[in-house]
Amino acid sequence: MWRVSGDTASEAPGGADHTDQGGVALLSASTAAPGGAPAVPGLPGPRGPEPEPERPFWRRRLERAGYRTAEPLPVAQRLVPPMPDGPGVTPAVVPPSPVLLQLGLRLPDGPWSWLCRWSGWIGPVAVAVFGGLLRFWHLGTPKALIFDETYYAKDAYSLWRGGYETSWADDANNLITAGHPTVPYRADPAYIVHPPVGKWIIGLGEQVFGMNPLGWRFMTAVLGTLSILMIARIGRRLFRSTLLGCVAGLLLAVDGLHFVMSRTALLDLVVMFWFVAAFGFLLLDRDRTRGVVARRLEAGAGPDWVFLGWRPYRLAAGVSLGLMTATKWSGLYALLAFAVMGVLWDASTRRAAGNHRWLLWGLFDAVVALPLLFAVTVGVYLASWTGWFLSSAVPGKGGYGRDWAEHRAGLSPDHLMGLPLPQFDVSWVPAGLRSLWHYHATMYDFHVHLTSPHTYQSNPWSWLLLGRPVSFFYESPKAGQAGCTATECAREVLGIGTPVLWWAGIAALAYCLYRWAVRRDWRAGAILCGVAAGYLPWFGYQQRTIFLFYAVAFVPFLVLAVTMMIGALLGPAGAGRDRRLVGGAAAGLLVFAVMWNFLYFHPLYTGETIPMDDWRARMWFTSWI
């Protein structure tokens with residue numbers, strides 16, 4: 001097979017000259033019989049090389065831009081493409097960078113080789129440090145319980161104090177924000193509607209820094225910063241590019257919604273963290289499993305095996321999904337989506353290895369893997385209620401509903417999810433579990449019937465367009481108040497994504513859909529799976545009171561979609577210089593526009609005092625007010 005580079009001719013094997021004329025190879029008119037004998041008149045001459053089939057117009061244009069059909073790779077490399085750098089990949093001595101040499105810079109060979117070898121960690125860590133500095137700067141501002149912090153900051157304090165959530169006095173918020181030396185805590189149980197893990201995590205910061213804004217926001221800032229590092233490393237592994245991994249981390253660092261939620265003690269940032277952690281563990285599991293298969297094939301084993309090996313990363317993903325679900329029940333959708341994705345990945349591994357019964361074995365993997373993944377998730381979820389289980393079963397002395405099963409003769413709950421159930425004897429089930437079952441039934445009823453109108457509620461159809469953001473905090477100081485230097489000023493913490501990033505994300509999701517549906521790109525499918533698990537379930541709750549900030553759970557996957565689109569703009573490594581130059585300029589402009597947009601809206605993300613005219617200039621749509 002020969003290639004055409006632009007409109008130039010190339011020499012095919014055997015020395016015959018081929019000329020590119022619409023993709024058809026023209027042979028010389030003179031032929032000879034085998035062994036050099038002249039051709040016999042009236043008989044066909046010996047067959048020359050088969051002519052190349054005519055290539056479609058779009059492929060010729062792509063070839064002129066530098067694109068080439070990928071060469072067939074060995075099975076091992078198809079199973080596990082090599083990483084771009086790192087120990088065991090980067091050579092001991094790396095040649096100097098031509099770009100740095102042109103700038104007159106040259107590092108000694110030792111430090112330069114070390115930087116290249118560890119760039120896969122140095123770059124992501126640097127991006128995470130940048131994002132962390134943004135998030136921790138003036139973290140205690142505003143000095144108030146903003147939006148739903150009024151629930152979760154106090155619930156977190158109660159959990160660490162007594163193991164279950166308690167009710168608070170009506171003036172508790174004023175006493176807490178005024179720095180009252182005694183926190184107005186009391187032991188009366190309170191009815192809550194979310195599992196405890198997110199509040200346990202928030203409370204950890206309160207244990208270190210006290211019951212103040214820094215204390216209850218500290219851990220969400222930590223998780224927000226760590227999620228930047230995770231998404232940079234995930235992007236690097238997903239795209240096999242340290243550069244694109246760092247781009248993904250940088251974009252997440254400057255997303256407005258992720259930034260605001262990292263500086264607010266709400267549960268959704270915790271949900272996002274465990275969501276990303278589960279995805280990262282499954283990605284590691286995919287590479288590790290395919291590596292095991294590749295080594296088996298290299299050792300001469302056939303492609304048919306019962307088990308694909310020990311799966312520690314899959315178990316870690318199950319723990320992460322359990323912690324996600326034990327923060328908010330929306331983790332159940334991620335569990336279902338990732339379980340299906342993991343099974344499909346296993347089936348594709350067997351198919352790539354040459355297993356002709358890959359579909360049948362894929363079903364076998366599902367039978368083995370799915371119950372284990374669900375069991376780990378359920379186990380972690382139940383363990384998260386330990387404080388509630390250990391509280392007293394005496395009425396009014398323990399967690400809310402802890403005493404429900406007492407004095408009920410071992411009967412089962414009388415309803416589930418709003419539906420009446422026949423009661424029967426389940427005395428063999430511990431009373432604590434029966435009480436928890438009943439408690440969860442009431443929690444489900446609450447969530448389903450939560451239809452009270454709210455000023456900042458929004459429909460999920462508008463989320464990607466940022467149709468209705470959430471104002472977490474707002475004040476209108478006058479001249480001389482709170483640093484106001486104009487006649488009238490505004491202070492606001494607005495829960496809204498960076499508009500340029502989100503609107504580019506719409507195009508990026510369309511590109512990923514094309515890559516997955518048409519080009520069968522598994523990376524695009526994985527990104528879409530994450531977005532679907534975090535986004536699509538909310539369309540089933542059209543009557544429920546929901547908010548834009550719920551979308552923070554899938555923001556990292558939106559960022560990965562934009563990063564994949566940026567990679568397409570940059571073009572493949574073998575593309576021509578002009579193609580790379582234009583693509584690099586376009587990608588750079590997009591990243592620059594996102595960063596500028598974040599800086600422009602930064603005062604609205606942090607509650608900074610700005611003149612009212614500047615605030616109005618940032619209200620691009622009336623629905624943002």
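Arginine 616 and aspartate 613 are three residues apart in helix 22 (residues 612-618), so about one helical turn separates them. Their side chains meet in a salt bridge, at 3.3 Å from N to O. The model is predicted, and 16 salt bridges are found in the structure. The points below cover several of these pairs and a nonpolar patch on the surface.

**Salt bridge within helix 22**
- Arginine 616 has a relative accessible area of 48%, so this residue counts as partly exposed.
- Aspartate 613 has a relative accessible area of 58% and is therefore exposed, the limit for that class being over 50%.
- Elsewhere, Asp285, Arg311, Arg314 and Asp346 are joined into one network by salt bridges that share partners.

**Salt bridge between helix 9 and helix 12**
- Arginine 237 and aspartate 287 form a salt bridge through their side chains, with an N to O distance of 2.7 Å.
- This pair links distant parts of the chain, since arginine 237 lies in helix 9 (residues 213-239) and aspartate 287 in helix 12 (residues 268-298), 50 residues apart.
- Aspartate 287 has a relative accessible area of 8%, so the residue is classed as buried; the class requires a value under 20%.

**Salt bridge between arginine 186 and aspartate 188**
- In the salt bridge of arginine 186 with aspartate 188, the closest N and O atoms are 3.9 Å apart; the cut-off for a salt bridge is within 4 Å.
- Arginine 186 is partly exposed because its relative accessibility is 36%.
- Aspartate 188 is also partly exposed, at a relative accessible area of 40%.

**Nonpolar surface patch**
- Leu107, Trp114, Leu115, Trp118, Trp121, Ile122, Val125, Val129 and Leu133 make up a nonpolar patch on the surface.
- Together these residues have about 820 Å² of accessible area.
- At least two residues of the patch come from each of helix 4 (109-117) and helix 5 (119-136).
- Helix 5 supplies five residues, the largest share of the patch.
- Valine 129, one of the patch residues, is located in helix 5.
- The relative accessible area of valine 129 is 47%, which means that the residue is partly exposed; membership of a patch requires over 30%.

Note on methods
Residues are numbered from 1 along each chain as its sequence is written. This is a predicted model: local features need pLDDT of at least 70, side-chain atom pairs count only at pLDDT 80 or more; totals for chains, interfaces and linings use all residues. Side-chain values use heavy atoms; hydrogens and water are left out. Patches are made of residues with over 30% relative accessible area and no salt bridge: like charges are joined within 9 Å, nonpolar side chains (Val, Leu, Ile, Met, Phe, Trp, Tyr) within 5 Å. Accessible areas come from the Shrake-Rupley method with a 1.4 Å probe; for residues, only the protein chains shown count as cover. Helices (H or I, at least four residues) and strands (E, at least two) are DSSP runs, numbered from the N terminus. Buried means under 20% relative accessible area, exposed over 50%, partly exposed in between (1.4 Å probe, protein chains only).
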